[in-house]
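Got a few minutes to look over a new fold with me? Have the sequence and the 3D view open, and we'll walk through it topic by topic.

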Amino acid sequence: MSEEIVLEIKGLSSSFFTDHGEAVAVNDVDLKIPRGKIVGLVGESGCGKSMTAKSVMGLLKYPGRIVKGEILMGGRDLTKMSDKELRTVCGNDISMIFQEPMTSLNPVLKVGRQVQEALLVHDRTMDKGKAKEQVIDMFKKVGIPEAEKRYNCYPHELSGGLRQRVMIAMAMVCKPRLLIADEPTTALDVTIEAQILRLMKQLCRENDMSVLIITHNLGVVAEICDDIYVMYAGRIMEHAPVFELFDDTRHPYTRGLLMSIPRIGNNPEFLHTIPGVVPNLLHLPKGCPFSNRCEYVTDRCKEQLPELLQVGSEHSCRCFLASGEAAEQAENPKETEGSVRV
Ligand SMILES: Nc1ncnc2c1ncn2[C@@H]1O[C@H](COP(=O)(O)OP(=O)(O)OP(=O)(O)O)[C@@H](O)[C@H]1O
Ligand SMILES: [Mg+2]
């Protein structure tokens, strides 16, 4: 039985047009979010994760814009909608938790009222008392202590972590079909992080909600995701169901990210980091964007961009080593000796 796809991104490219040229922040990205599933988008800082989310929500600001591609939801292309249509779709079906929570709350309104307002706009038939009850219930679920009291606080009276939890409550209380969560738990301590991630998973199951969770932390995605997309310099480098990505990692970049996850008992002094830095989008290497940091780099990688190819039934990877050469070597076992499996 084929699964229902709630949102499909097809060949999406979004660029910034700067004085120094076009910086392609999202480069020919394909991504599918199935119903009731949690999809992770991971990669280092600056690789285009937030720009992908903002493209979906129609929130790219000048000098950035979508250059090509489709964003399909319910058979309609969001990139072709007017601002008004898009706001209706996003208001009813998609909620987003932003990376910068401080900018998303109104400083002169009590936080409880703001979340209640969001709920009442979503369901105009609900009475105010019931809405308040649901808001306090959601505040408790996201771990806001003394929820009744905090309902009447202004944003500046709450800590950063509590404000982030208010934002999470606001996004989840309307039970959207799709929740886009951009680094939702980065500002929180680990106990609250675990609690929020569990709650997302629970809501996902109970309400058939889908989630796109954006993070640079592969530990987070391992906890809750069904499917993972690894992004680098605007491109999807690897995509697989979570267990397969961890068990049968194909891309050297994904391997680097996995090795950078801190583990209990590991000496932090020996924590692996990927050498080098994410390339400047205006000066990308000619071939594979990861070639200047990759320990398996060949001359071909420096000249030619590998395609994102199927390496398993639900697994794709953008690396010559993982796809083309692996296949060639499998046909010619002698040459396999000494070859590297990343
Ligand atoms: N206004 C802008 N003008 C030019 N380039 C920009 C602008 N805003 C963002 N970028 C570039 O777009 C690229 C992608 O940025 P994006 O915010 O999507 O990264 P990210 O993966 O979300 O990183 P982080 O983990 O730090 O949030 C970055 O290289 C950034 O420098
Ligand atoms: Mg970001």
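Here is a quick tour, from the overall picture down to single residues.

Keep in mind that this is a predicted model. The protein has 342 residues, and 40% of them count as buried. Its secondary structure adds up to 13 helices and 12 strands. If you take contacts between residues at least 6 apart in sequence, 61% of them link residues at least 24 apart.

**The nonpolar core**

- The largest nonpolar core holds 87 residues, and the members touching the most others are Ala169, Val173, Ile180, Val211, Leu212, Val230 and Met231.
- Helix 6, residues 160-173, is the top contributor to this core, with 9 residues.
- Both domain 1 (5-233) and domain 2 (244-336) supply at least three residues each to this core.
- As general background, nonpolar side chains in soluble globular proteins tend to be buried together.
- Val230 is worth clicking on: leaving out neighbours within four places in sequence, its contacts are Val42, Gly43, Met237, Glu238, His251, Tyr253, Thr254 and Leu257.

**Around ligand 1**

- There are 17 residues around ligand 1, and those that come nearest are Phe16, Ser45, Lys49, Ser50 and Met51.
- Strand 1 (5-18), strand 2 (21-34) and helix 1 (49-57) are the elements that each give two or more residues to this shell.
- Helix 1 has the largest share of the shell, at 3 residues.
- Sorted by class, the shell around ligand 1 comes out as 7 nonpolar, 9 polar and 1 charged residues.

**A hairpin to look at**

- Strand 11 (residues 309-312) pairs with strand 12 (residues 315-317) in the antiparallel sense, over 3 bridges.
- The hairpin joining strand 11 to strand 12 runs through 2 residues.
- Within this pairing, Gly312 sits opposite His315 of strand 12.

**Asp77 and its surroundings**

- You'll find Asp77 in strand 5, which covers residues 76-77.
- Asp77 has 13 other C-beta atoms within 10 Å, so it rates as partly exposed; the cut-offs here are 20 or more for buried and 12 or fewer for exposed.
- Setting aside residues up to four places away in sequence, Asp77 touches Glu70, Ile71 and Leu72.
- Asp77 and Glu8 are 69 residues apart along the chain, with 9.4 Å between their C-alpha atoms.

**Backbone oddities**

- For context, most residues other than glycine have a negative phi, and most peptide bonds are trans.
- Tyr62 and Pro63 are joined by a cis peptide bond, with omega about 10 degrees.
- Pro63 belongs to the loop between helix 1 and strand 4 (64-73).
- Glu146 has a positive phi, near 50 degrees, and it lies in the loop between helix 4 (128-141) and helix 5 (147-151).
- Glu183 has a positive phi too, near 45 degrees, and its place is the loop between strand 7 (178-182) and helix 7 (190-207).
- Which of these two glutamates is buried and which is exposed? Glu146 has 10 C-beta neighbours inside 10 Å, so it counts as exposed. Glu183 has 20 other C-beta atoms within 10 Å, so it counts as buried.

Technical notes:
Residues numbered from 1 in each chain as written. Chains lettered and ligands numbered in written order. Predicted model: local features only at pLDDT ≥ 70, side-chain atom pairs only at ≥ 80, totals over all residues. Core = buried A, V, L, I, M, F, W, Y, C linked by C-beta atoms within 7 Å. Helix = DSSP H or I, 4+ residues; strand = E, 2+ residues; numbered from the N terminus. Domains from an automatic or database assignment. Contact = placed C-beta atoms within 7 Å. Pairing = 2+ DSSP bridges. Near = placed C-beta within 6 Å. Nonpolar A, V, L, I, M, F, W, Y, C, P; charged D, E, K, R; others polar.
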